[in-house]
Every structure is written in structure tokens, then in C-alpha cells.
Amino acid sequence: MDARAELEQRLTDYVTSLRRYALVLTRNRDQAEDLVQDTLVKAIAASDSWQPGSDLRVWLFRILHNTHISERRRAKVRNDARLMLPEPLEETDPTKRIELQQVLDALEELPEAQRLPIVLVALKEMSYAEAARTLDLPLGTFYSRLGRGREALRQIVGKVKATKLKLVV
Amino acid sequence: MTSAEQIDFNAYLDGELGPEEAAEIEARLAEDPEAQARLEACGRHKDMIADALTAIALTGPVPLKTARLEKRLAAKLHMRAAPTRTFAAGPWLQGVTQIAAAAALVAFGWWGHASWTPTPSGVPEYVSEALGAHTVFANDIVRPAEFTGGDVDSAAEWFSAKMGVPVLAPDLSDYGISVVGARLLGTKEGPLAQFIYEDGDGARYSLTLAKHPDNQPIAPLQVVDYPNRAVGYWRTQDIDFALVGKSNDGSIQSLAANLAKDI
């Protein structure tokens with residue numbers, strides 16, 4: 001594979017990740033696509049500022065993240081629609097299906113500051129250092145938000161389970 | 001669990017620890033079933049969220065506009081990553097690598113061309129300008145063309161008056177390519193007319209026309225291939241032409257050959 005084809009392949013993978021992340025940020029499919037397209041337009045205009053050899057993925061995620069923040073500041077609205085994650089239809093085990101829904105519901109309850117570190121790490125492509133750079137956070141702050149978020153998630157899911165058990169009994 | 005331990009467990013879960021630190025965590029987990037249960041729950045949640053995120057992207061095709069932008073960004077970044085590499089040379093020009101490198105330098109320095117005189121190379125100056133203008137305008141949707149759609153014809157009239165020779169945008173619809181915009185470029189070689197075309201896949205071509213200088217010979221078609229674009233140029237009695245577009249598939253060579261024959 002030549003360098004151009006290799007770059008195109010990498011970019012395609014990154015754009016796929018950007019689209020997922022944009023959905024989590026905007027919670028709306030159309031807005032997510034607009035956000036990704038705005039990000040790409042900005043990246044094209046700012047391509048001179050990208051240093052060859054530096055991490056292209058983090059550079060793109062940062063543009064997306066900052067675009068999202070400034071868009072939201074400008075709009076000054078909070079979109080409280082449900083988190084746009086697909087219904088776990090493909091999961092045939094009913095116990096697992098219920099737990100997945102509980103986890104996604106719990107994720108939605110978390111403040112964004114805790115939710116984004118969890119999501120970025122779950123994308124399975126970013127190290128802590130890269131995810132912290134994407135969110136413009138010091139590594140220590142990133143660590144503690146991720147830790148607190150995961151613990152909160154576990155407790156919310158645990159509480160739901162306990163409530164359901166009580167109802168059954 | 002202290003917050004430091006919490007951080008360690010998360011780092012362990014995400015594979016951020018070295019082997020020694022990981023072994024230390026495993027030893028602690030072996031003695032603490034409750035912590036182990038917590039870690040397992042977090043691991044399960046992480047996998048579920050990851051699977052749900054992965055499923056998102058599979059629920060619809062990439063919109064055309066996103067795909068186009070992605071393609072353009074790839075072109076931009078590739079140019080940025082490979083401006084000094086050795087270019088693949090076509091068989092039709094001797095010393096083409098040197099010429100291509102010189103032209104590429106002109107192209108990358110396009111905005112500064114007014115204050116910088118390139119060393120003479122085998123590529124005519126108007127071709128260097130055409131390459132630079134293609135890089136700056138045709139591939140860049142952020143800067144809109146000055147004339148679009150139906151205005152291109154009236155633009156051509158104005159260009160003709162400015163340049164002192166009749167110019168128009170050739171109809172390339174037989175090749176599945178349509179004109180999307182036009183602009184007049186002021187260069188030290190005089191005004192150049194640039195017509196921008198687009199094919200069905202969104203790939204951009206630009207055809208640049210310059211008034212043929214009286215003191216220059218006419219020249220048959222020559223094609224120079226770059227890593228990410230190609231230019232075909234030829235000079236006639238009245239007008240000099242440069243067609244810039246994507247490389248690798250020979251489209252510029254065949255398109256330019258047909259145009260040079262017909263015009």
C-alpha cells in the first residue's frame with residue numbers, strides 16, 4: 001500500500017470514530033453529521049498546521065471537540081434528547097440485553113465531564129494521554145474523571161438491579 | 001477504595017500499566033474479592049459501551065458530503081506529508097523529477113509567489129501558476145469559486161475582455177465532467193482564466209488558460225505526474241492551456257490529449 005492509500009485508509013477509520021463520538025456529543029444524528037463535516041472543513045482549512053508525524057487522530061478529535069464546545073456555547077441550548085445509542089437488539093441473551101440497556105441509561109445520567117472520558121476510552125483507540133489531550137485536560141484530571149465516572153456508572157447500574165430484585169421478591 | 005487505587009484499577013483495566021504494576025494490581029485483587037467484582041463490573045460495562053459505540057457506525061452509510069470532505073482532507077494532508085519526496089516520473093519527459101519538484105515548490109509557495117521568483121525550470125511559469133491555483137482553489141471548498149453555475153458563461157466573456165483573447169469553458173460533459181466554477185487569477189504572467197470542473201465522484205479538475213506570449217513557441221501536449229495530481233499542458237497560437245487533476249488513473253493524459261486535439 002502506498003503512502004497516499006495508507007493515509008486515506010487511516011483517515012477513513014478516524015472519520016468512522018469521529019462520527020461515533022459526534023453522536024455521543026450531540027445526541028442527534030443530523031447534528032452529529034454536521035459536526036463531523038464542520039470538523040473536516042476546518043481540518044482542510046487548517047491542514048498547514050498539522051505536523052506530519054504527529055498524531056492525526058488526536059488532532060482531528062480535538063478539532064471536533066472544540067467545534068462542538070463553541071457551537072454549543074453559541075447556541076446556548078441543552079439538547080436533552082436521549083443518548084443516541086442503538087437499541088441492543090442484536091444481543092439475544094435477555095440478561096445481557098437488560099444489563100446493556102441499564103449501562104446505556106446510566107451513562108446518560110452521568111455529567112458530560114465524566115461521560116466523555118468513558119466514551120473516549122471505550123472507543124478502544126485512545127490511550128489516556130491521547131484522550132486527555134483531546135479533551136484539553138491535565139492527565140490527573142482525566143484520570144479522576146474517568147475513575148469517578150466509572151464508579152458512578154457501576155453504582156447506578158447496581159442500584160437499578162437492587163431495586164428490581166426487591167420488586168421481584 | 002482510595003481514589004489512587006481507583007485510578008490504578010482503571011489503568012489496569014485499560015491496559016495502561018506496565019507488567020510490574022499490573023502484577024502488583026493482580027496480587028491485590030487476589031486478596032480482595034470485592035474489588036475484583038467491582039473491576040469485573042467496570043470491565044463488562046466498558047465492553048458493552050464499546051460494542052454499542054461500534055454498532056452506531058454500522059447503522060448507516062457515510063453521507064456523500066462527508067466522504068468528499070474526507071477525500072479532500074486526505075489530499076491536503078498527503079501533500080503536507082510528502083512535499084519533498086521523490087516524485088514518480090512518467091516515461092514521456094526526461095528529468096521530470098527535477099521539474100516536478102520545482103513545480104511543486106512553486107505550487108506550495110503559491111501565496112508568496114509575488115515576492116518570490118522561482119529558479120527557471122522546464123515547466124512554463126503559467127503551468128506553475130495553474131498548479132498552485134489548483135491546489136489553492138479547486139481542491140478547497142472553503143474558498144468558493146467567484147463564478148458558479150450559469151454565471152460561468154458571462155464570466156468567460158469578461159475573462160476574454162481582460163485577457164485580450166477569446167476564452168470559454170470547454171464542454172466536458174461527454175467525459176462525465178461538468179463545470180462548477182470559474183475565476184480570474186492575477187499573476188505576474190498576466191491574467192489567467194481558471195475553470196473548475198467536477199466529475200461524478202466529486203474529484204476536481206481545473207483548466208487554466210493563459211494568453212500565448214508572442215515571443216514563445218507553440219508546444220505539443222506534455223504531461224507531468226505528481227503523487228496526488230497530474231498536469232497536462234500545451235501551447236497554441238492564441239492560448240496556452242494547463243489541465244490539472246487527479247493522477248494515477250491516466251485520466252489527465254487522455255482528457256488533455258482529447259482537448260488538445262479538439263481545441
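In the predicted model, the contact between the two chains draws 47 residues from chain A and 38 residues from chain B. On the side of chain B that touches chain A, at least two residues each come from helix 1 (3–13), helix 3 (33–57) and helix 4. Of these elements, helix 3 of chain B gives the most, with 13 residues. Sorted by class, the side of chain B that touches chain A has 20 nonpolar, ten charged and eight polar residues.

Two helix pairs across the contact were examined, and both involve helix 4 of chain B. Packed helices of this kind are described by the angle between their axes and the distance between the axes. The first pair joins helix 1 (residues 3–26) of chain A to helix 4 (residues 64–81) of chain B; their axes come within 9 Å and cross at roughly 135 degrees. Angles of 65 to 115 degrees count as roughly perpendicular and those over 145 as roughly antiparallel, and helix 1 of chain A and helix 4 of chain B are therefore oblique to each other. Their crossing is right-handed. From helix 1 of chain A, the residues that meet helix 4 of chain B are A:Arg4, A:Leu7, A:Glu8, A:Leu11, A:Thr12 and A:Val15. Their counterparts in helix 4 of chain B are B:Thr66, B:Glu70, B:Leu73, B:Ala74, B:Leu77, B:His78 and B:Ala81. Seven residues of this contact are nonpolar, three are polar and three are charged.

The second pair is formed by helix 2 (residues 29–45) of chain A and helix 4 of chain B, whose axes come within 9 Å and cross at roughly 20 degrees. Angles under 35 degrees count as roughly parallel, and helix 2 of chain A and helix 4 of chain B are therefore roughly parallel to each other. Helix 2 of chain A passes helix 4 of chain B with a left-handed crossing. On the chain A side, A:Glu33, A:Val36, A:Gln37, A:Leu40, A:Val41, A:Ala43 and A:Ile44 of helix 2 make the contact. Helix 4 of chain B contributes B:Lys65, B:Thr66, B:Leu69, B:Glu70, B:Arg72, B:Leu73 and B:Lys76. The contact of helix 2 of chain A with helix 4 of chain B has seven nonpolar, five charged and two polar residues. B:Thr66, B:Glu70 and B:Leu73 are listed in the contact with helix 1 of chain A and also in the contact with helix 2 of chain A.

Chain A itself contains seven helices and zero strands, and its pattern along the sequence is α-α-α-α-α-α-α. Of its 169 residues, 34% count as buried. Among contacts in chain A between residues at least 6 apart in sequence, 62% link residues at least 24 apart.

Helix 5 (residues 112–122) of chain A is mostly covered, with nine of its eleven residues buried. The buried residues are A:Gln114, A:Arg115, A:Leu116, A:Pro117, A:Ile118, A:Val119, A:Leu120, A:Val121 and A:Ala122. A:Lys124 follows helix 5 of chain A and has a positive phi, near 65 degrees. A positive phi is also found at A:Asp136, a residue other than glycine, where the value is near 60 degrees. A:Asp136 belongs to the loop between helix 6 (128–134) and helix 7 (139–168) of chain A. This residue is exposed, with 12 other C-beta atoms within 10 Å.

In chain B, helix 2 (residues 19–30) has twelve residues and spans 16 Å from its first C-alpha to its last, close to the 16 Å expected at 1.5 Å a residue. The number of buried residues among the twelve is zero, so helix 2 of chain B lies largely in the open.

Two further positions in chain B have opposite surroundings. B:Leu209 lies in strand 4 (residues 204–211) of chain B and is buried, with 27 other C-beta atoms within 10 Å. Apart from neighbours within four places in sequence, B:Leu209 is in contact with B:Val167, B:Leu192, B:Ala193, B:Ile239 and B:Phe241. The C-alpha atoms of B:Leu209 and B:Phe241 are separated by 4.8 Å, although the two residues are 32 residues apart along the chain. B:Asp214, in the loop between strand 4 and strand 5 (219–225) of chain B, is exposed, with 5 other C-beta atoms within 10 Å. Its C-alpha atom is separated by 8.7 Å from that of B:Asp238, 24 residues away along the chain.

Notes. Residues are numbered from 1 along each chain as its sequence is written. Chains are lettered from A and ligands numbered from 1 in the order in which they are written. This is a predicted model: local features need pLDDT of at least 70, side-chain atom pairs count only at pLDDT 80 or more; totals for chains, interfaces and linings use all residues. Axes are lines fitted to C-alpha atoms, for helices over the stretch in contact, and angles run from 0 to 180 degrees between N-to-C directions. Helices (H or I, at least four residues) and strands (E, at least two) are DSSP runs, numbered from the N terminus. A crossing is left-handed if the near helix is turned anticlockwise from the far one by less than a right angle, and right-handed if clockwise. Two residues are in contact if their C-beta atoms, placed from the backbone, lie within 7 Å. Ala, Val, Leu, Ile, Met, Phe, Trp, Tyr, Cys and Pro count as nonpolar, Asp, Glu, Lys and Arg as charged, and the others, Gly among them, as polar. A residue is buried if 20 or more other C-beta atoms lie within 10 Å of its own, exposed if 12 or fewer, and partly exposed in between; C-beta atoms are placed from the backbone. The expected span of a helix is 1.5 Å times one less than its number of residues.
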